[in-house]
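Let's take a walk through a protein model together, one region at a time. Keep the picture in view and follow along as we go.

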Amino acid sequence: MTLPKSTAELRALDAAHHLHPFSDMKALNEEGSRIVVKAEGVWLTDSDGNRILDGMSGLWCVNVGYGREEIVEAVAAQLRELPYYNTFFKTTHRPAIELSAKLAELTPPQFNKVFFTGSGSESNDTVIKLVRRFFQIKEKPEKKIIISRRNAYHGSTVAAGSLGGMAPMHGQSAVIPDILHIAQPYFWGEARQGETPEEFGLRTARALEATIDAMGEDRIAAFIAEPIQGAGGVIIPPASYWPEVARICRERDILFISDEVICGFGRTGNWFGCETFGTEPDILVMAKGITSGYMPLGGVMVADRVAEVLLEGGDFNHGYTYSGHPAACAAALANLAIMQREDLVGRVANDVGPYLKARWSALAEHPLVGEAPMTGLVGALELTPDKAGRTKFPDVGKAGTLARDFSFKNNLVMRAVRDRLIIAPPLIISHEECDELVARVRKTLDETFAELKRWGWV
Ligand code: PMP
């Protein structure tokens, strides 16, 4: 079958046959999707020839940018040599071995072992089983509750969706038991009037302590959190939050799981977000940036103190056909080689990160923007009708969607979560491209402000 070429024909086929993730398909089919046909660096091209600045690195994953021949070649070579073999039944292969060793080298010192998966969701499903198995082996099977946070995102399978704290997801599917959700460190949205960020950070962290103590330490297995909540709206916790969480975890016999699916692989200016915030996880969850999205791959790093126990427990009855897929591991190895050779992590910490942050922070002066936080190359803009009162718009999400649509029209990919705009551009973005990104954001904000004025909302 020869594929139709025109945008209209492709859209019609898409509407007829394709169900998109997290989408209102009836509304989308009426409007029609944008069809992305190719990409280079930080730029996407759509089927109408528009060049679009990808401020989101795809879905927070294309850290080394698009068009990296080196990764393409590595995958092609691997597919020719050994396109597939599993890592079940006493077998393994070179790409999985080499990538495991590489990850042991790049992650913090307590991590020397990895379990491969195909995605972030599969990684978090793995984590739930791993954590419960750990305490079974330690003969504490009643320690099985995992504490997570409201508005956390840990994936979309039944178990990972349960672990996450997204109410709209829980509303559409049953959640699994023994998961509790506590407050998130979202200062703008949830602090009391008069409370300082410092006080709020401590109070929110101590919700963890209070929950563990109320339930009983003998029932709590673990606490899971993203260093910065990504899909929840790029919630960067106040400086007091993570040290207090680290203290609470240290003082109790629970495992701390850092979900680094977004924050891992350079996003925050270190290899991993836990290094940026000074926490010492027992389990580290990865996906996305591990291959820069060129191939699907995820992994769960297990600290030595956890691995020692698991190794005493006999079979771990869990695994995926594509755990450690050779071509995905080859993509990861090539991707990580680029990151190291080009010192992309150092670039985020010392060069392009501070460069973009200076310009991003200045957006807080716009009348529509309440706060403009950024860490490394991940940032947010909180839209508000009244900065001083940290007031929300009447119909939460409408102003954000309006801004997101203007951004779309301005050929900038920026996401909206409630009334919060978020960006996470590829780590290779140049200074000039940062300027262009900020210029498009300013235009978007001005257009949004003018429209909200017409609505009488500002
Ligand atoms: N954890 C976090 C922190 C994520 O941001 C995501 C995806 N955005 C996931 C897990 C799930 O990953 P995936 O979509 O690869 O299943």
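Strand E12 (residues 374-375) pairs with E13 in the antiparallel sense, over 2 bridges. Keep in mind as you look that this is a predicted model. To see one of the contacts between these two strands, find Thr 375, whose bridge partner in E13 is Val 378. The two strands form a hairpin with 2 residues between them, and in this hairpin Gly 376 takes a positive phi near 60 degrees.

Now stay with E13 and look at its other partners. Strand E11 (residues 369-371) is joined to E13 by 2 bridges, and the two run antiparallel. Here Glu 371 has Glu 382 as its bridge partner in E13. Strand E16 (residues 420-423) also pairs with E13 in the antiparallel sense, this time over 4 bridges. If you look for Leu 381, you will find that its bridge partner in E16 is Leu 421.

How many of the residues of E13 are buried? The strand, which spans residues 378-383, is mostly covered, and 6 of its 6 residues are buried. Try tracing the side chains along the strand: Val 378, Ala 380 and Glu 382 point one way, while Gly 379, Leu 381 and Leu 383 point the other way. Residues in both groups are buried.

Another sheet is worth a visit. This open sheet has 4 strands in the order E1-E2-E3-E14, and its pairing is mixed. Which strands are at its edges? They are strand E1 (36-40) and strand E14 (412-413), each of which pairs on one side only. Further in, strand E2 (residues 43-46) and strand E3 (residues 51-54) run antiparallel and are joined by 3 bridges. Thr 45 has Arg 51 as its bridge partner in E3.

Next, let's find the ligand. The residues around the ligand are Ser 119, Gly 120, Ser 121, Asn 124, Tyr 153, His 154, Gly 155, Glu 226, Asp 259, Val 261, Ile 262 and Lys 288. Sorted by character, the residues of this shell divide into 3 nonpolar, 6 polar and 3 charged. Which element gives the most to the shell? The answer is helix H6 (residues 120-137), with 3 residues.

Some atoms of the protein and the ligand can be picked out in pairs. A backbone N or O atom of Gly 120 lies 2.9 Å from an oxygen atom of the ligand. Tyr 153 has a polar backbone atom 3.5 Å from a nitrogen atom of the ligand. With Lys 288 the side chain takes part: one of its N or O atoms is 3.0 Å from a nitrogen atom of the ligand. As for cover, the ligand has 390 Å² of accessible area on its own, and the protein covers 84% of it.

Aromatic rings give us another trail to follow. The count comes to 14 aromatic pairs. One of them is formed by Tyr 84 and Tyr 322, with ring centres 6.1 Å apart; their planes meet at 85 degrees, which is over 60, so the pair is edge-to-face. This pair links distant parts of the chain, 238 residues apart: Tyr 84 is in the loop between helix H4 (69-81) and helix H5 (94-106), and Tyr 322 is in the loop between helix H13 (304-311) and helix H14 (326-341). Are the two residues buried or exposed? Tyr 84 counts as partly exposed, at 29% relative accessibility, whereas Tyr 322 is exposed, with a relative accessible area of 52%.

Phe 393 and Trp 457 also form an aromatic pair, and this one is stacked: the distance is 5.8 Å centre to centre, with 25 degrees between the planes. These residues are 64 residues apart, with Phe 393 in the loop between E13 and helix H17 (398-409) and Trp 457 in the segment after helix H18 (431-455). Phe 393 has a relative accessible area of 2%, so this residue is buried. Elsewhere, Phe 223, Tyr 241, Trp 242 and Phe 256 form one aromatic cluster.

For a last stop, look for Asp 282 in the loop between helix H12 (273-277) and strand E9 (283-286). Its relative accessibility is 9%, which is under 20%, so Asp 282 counts as buried. Asp 282 and Ala 222 are 60 residues apart along the chain, and their C-alpha atoms are separated by 9.5 Å.

Conventions. Residues are numbered from 1 along each chain as its sequence is written. This is a predicted model: local features need pLDDT of at least 70, side-chain atom pairs count only at pLDDT 80 or more; totals for chains, interfaces and linings use all residues. Side-chain values use heavy atoms; hydrogens and water are left out. A residue is near a molecule or strand if one of its heavy atoms lies within 4 Å of it. A polar contact is a pair of N or O atoms within 3.5 Å; within protein, one must be able to donate a hydrogen and the other to accept it, and residues adjacent in sequence count only if both atoms are side-chain atoms. Accessible areas come from the Shrake-Rupley method with a 1.4 Å probe; for residues, only the protein chains shown count as cover. Ala, Val, Leu, Ile, Met, Phe, Trp, Tyr, Cys and Pro count as nonpolar, Asp, Glu, Lys and Arg as charged, and the others, Gly among them, as polar. Buried means under 20% relative accessible area, exposed over 50%, partly exposed in between (1.4 Å probe, protein chains only). Two strands pair if DSSP finds at least two bridges between them. Rings of Phe, Tyr and Trp (its six-membered ring) pair if their centres lie within 6.5 Å; planes under 30 degrees apart count as stacked, over 60 as edge-to-face and the rest as tilted.
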